Amino acid sequence: MDEMLQVEELSGGYSDKNILKNISFSVSRGEMFGILGPNGSGKSTLLKMISRLLPYKSGQITIDNRSLQTFSSKDFAKLMAVLPQVSSEVFPFTVKETVELGRYAHQRGLFHSWSREDESVVQEVMALTKVKGLQGVSLQELSGGERQRVFLAQALAQEPNILILDEPTNHLDLSHQKVLLDQMKRWTRQRGLTVVTVFHDLNLAALYCDRLLLLDEGEVIHIGTPEEVLNEPQIQKVYKTMIEKHSHPEVPKPNMVLIPETERDNRVIDESYLSRTEEAVMFHSPIPLKTIASASTGSGLGWKEKFIINRNQPSTEKDTKAVEMEAQYDEQLFTNYNTYQEDGFSILFVLTADRHLRFFHTWLFINGQVCENALIEAMTTALQGKELAFKEKIRPAETDDGIVVAATQKGVYLSSGRSSSELGQAILNGLLDSSEKLFQSMKVGMSN
Ligand SMILES: Nc1ncnc2c1ncn2[C@@H]1O[C@H](COP(=O)(O)OP(=O)(O)OP(=O)(O)O)[C@@H](O)[C@H]1O
């Protein structure tokens, strides 16, 4: 691997206070490398040492196999540019003057004459960071986000090989965050730019960085790909908060989700939310349930509250919170519901069918936290369970079954729904038992 920056056994801090303890890592040319860690963990201190703003006590930092101290300040400025955390104190320079300062290291001769190249680079980086329209305005008159883009333009004007960023997006709105990070990423690919950047937003870090370093109390906790570093127990421990790891819906990256304390009321859902008439079966949950469904309306993954089987015309109004299943035969609806209490979680089964089993709708409501993968597994297990229950039953050639697996996402965490797991076993047993009860009730011609 083509190593650009190497940090070996680095320790140091401010006066006699040791902040960083024995930090080692290396960054390859063209890599986007993210540094994460809670407040005060030493991220900015590390960046300051890498960018020569702060001396260190022991260890060493090399760039292209050359020790940091051996570069002249002009050579160093051509090699590395730094975008520090934006402070509120700024000089009364205009935007263009500020960006021009980034060309200092490239100017030659005694009088530092301004070349055509200097001008064209300044124009290019101002266009890229979208500050061209502000070039005559004083920095003091800019918003935090506009200032941040001006300082980024200044850093880019240096045309560095390594760009050091301390929370580059903290003042930027969503669209500017994306523009900036997309651009950085493109330059790592196209120009071989190496980027070392501190992030507070774990998800932005996961989306854009090739590798991450997680710091805590001045020590390296983990270095690896976003998938490796952003593991749930590790992040919960370091940040001391409840956070869940999910998959990004569109790209193969982790997506860390904060759960507000207020959302964690421990309401239990039970059969009291189920209503039955001759014509319909309805479950109206008091809280949104994380749901996977196969139904005539509302299929797929999502948060749902209403679950409906209607013998009349299905409702035509579009309700994104509803899952609706059909019961188009002029037959009595048979329903059976049962709750099975397990160790720490429970499942309410609601099964509805017609006497000829032309449809057999299976609803499972779980009082527990079921991660997305486990929800999908639970649905597969429920389908297996249904097949077992139907083993000796003869069904018409055309059947129309719907299925729902929905969870409150409160209480015990269930990481798997496979048939061998605790949840899977509970689904298989509960489904067999409930189906048997439903079949019994059909024999005697009534529903409970
Ligand atoms: N100039 C300084 N003099 C003395 N101590 C400092 C100085 N700057 C930072 N520290 C201390 O060093 C420790 C690490 O600070 P640092 O700024 O590197 O953390 P950080 O991870 O960047 O935090 P944040 O996420 O809050 O920006 C903190 O305990 C801080 O109080």
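Four strands form an open sheet in the order β2-β1-β4-β5, and their pairing is antiparallel. The structure is a predicted model. A further open sheet, of 6 strands with mixed pairing, runs in the order β6-β7-β8-β3-β9-β10. A ligand is surrounded by residues that include Tyr-14, Lys-17 and Thr-45, and helices α4 and α5 cross at roughly 140°.

**The four-stranded sheet**

- The edges of this sheet are β2 and β5 (66-67), each of which pairs on one side only.
- Strand β4 (residues 58-63) is joined to β5 by 2 bridges in the antiparallel sense.
- Thr-62 has Ser-67 of β5 as its bridge partner.

**The six-stranded sheet**

- In the sheet ordered β6-β7-β8-β3-β9-β10, the edge strands are β6 (80-83) and β10 (219-224), which each pair on one side only.
- From one strand to the next, the twist averages 15°.
- Strand β3 (residues 32-36) and strand β9 (residues 211-216) run parallel and are joined by 4 bridges.
- Ile-35 stands opposite Leu-213 of β9.
- Helix α5 packs on this sheet, where it touches β6 and β7 (162-166). The direction of α5 makes about 175° with that of β6.

**The helix pair α4 and α5**

- Helix α4 (residues 116-128) and helix α5 (residues 144-157) have axes that come within 9 Å and cross at roughly 140°.
- Because of this crossing angle, α4 is oblique to α5.
- The crossing in which α4 passes α5 is right-handed.
- On the α4 side, the contact is made by Val-121, Val-122, Val-125, Met-126 and Leu-128. On the α5 side, Ala-153, Leu-156 and Ala-157 take part.
- The residues of this contact comprise 8 nonpolar, no polar and no charged.

**The ligand shell**

- The residues around the ligand are Tyr-14, Lys-17, Ile-19, Gly-37, Asn-39, Gly-40, Ser-41, Gly-42, Lys-43, Ser-44 and Thr-45.
- By class, the shell around the ligand contains 2 nonpolar, 7 polar and 2 charged residues.
- At least two residues of the shell come from each of β2 (17-28) and α1 (43-50).
- Helix α1 gives the most to the shell, with 3 residues.
- Strand β2, one of the contributors to the shell, is also an edge strand of the four-stranded sheet.

Key: Residues are numbered from 1 along each chain as its sequence is written. This is a predicted model: local features need pLDDT of at least 70, side-chain atom pairs count only at pLDDT 80 or more; totals for chains, interfaces and linings use all residues. A residue is near a molecule or strand if its C-beta atom, placed from the backbone, lies within 6 Å of it. Ala, Val, Leu, Ile, Met, Phe, Trp, Tyr, Cys and Pro count as nonpolar, Asp, Glu, Lys and Arg as charged, and the others, Gly among them, as polar. Axes are lines fitted to C-alpha atoms, for helices over the stretch in contact, and angles run from 0 to 180 degrees between N-to-C directions. Angles under 35 degrees count as roughly parallel, over 145 as roughly antiparallel, 65 to 115 as roughly perpendicular and the rest as oblique. A crossing is left-handed if the near helix is turned anticlockwise from the far one by less than a right angle, and right-handed if clockwise. Two residues are in contact if their C-beta atoms, placed from the backbone, lie within 7 Å. Two strands pair if DSSP finds at least two bridges between them.
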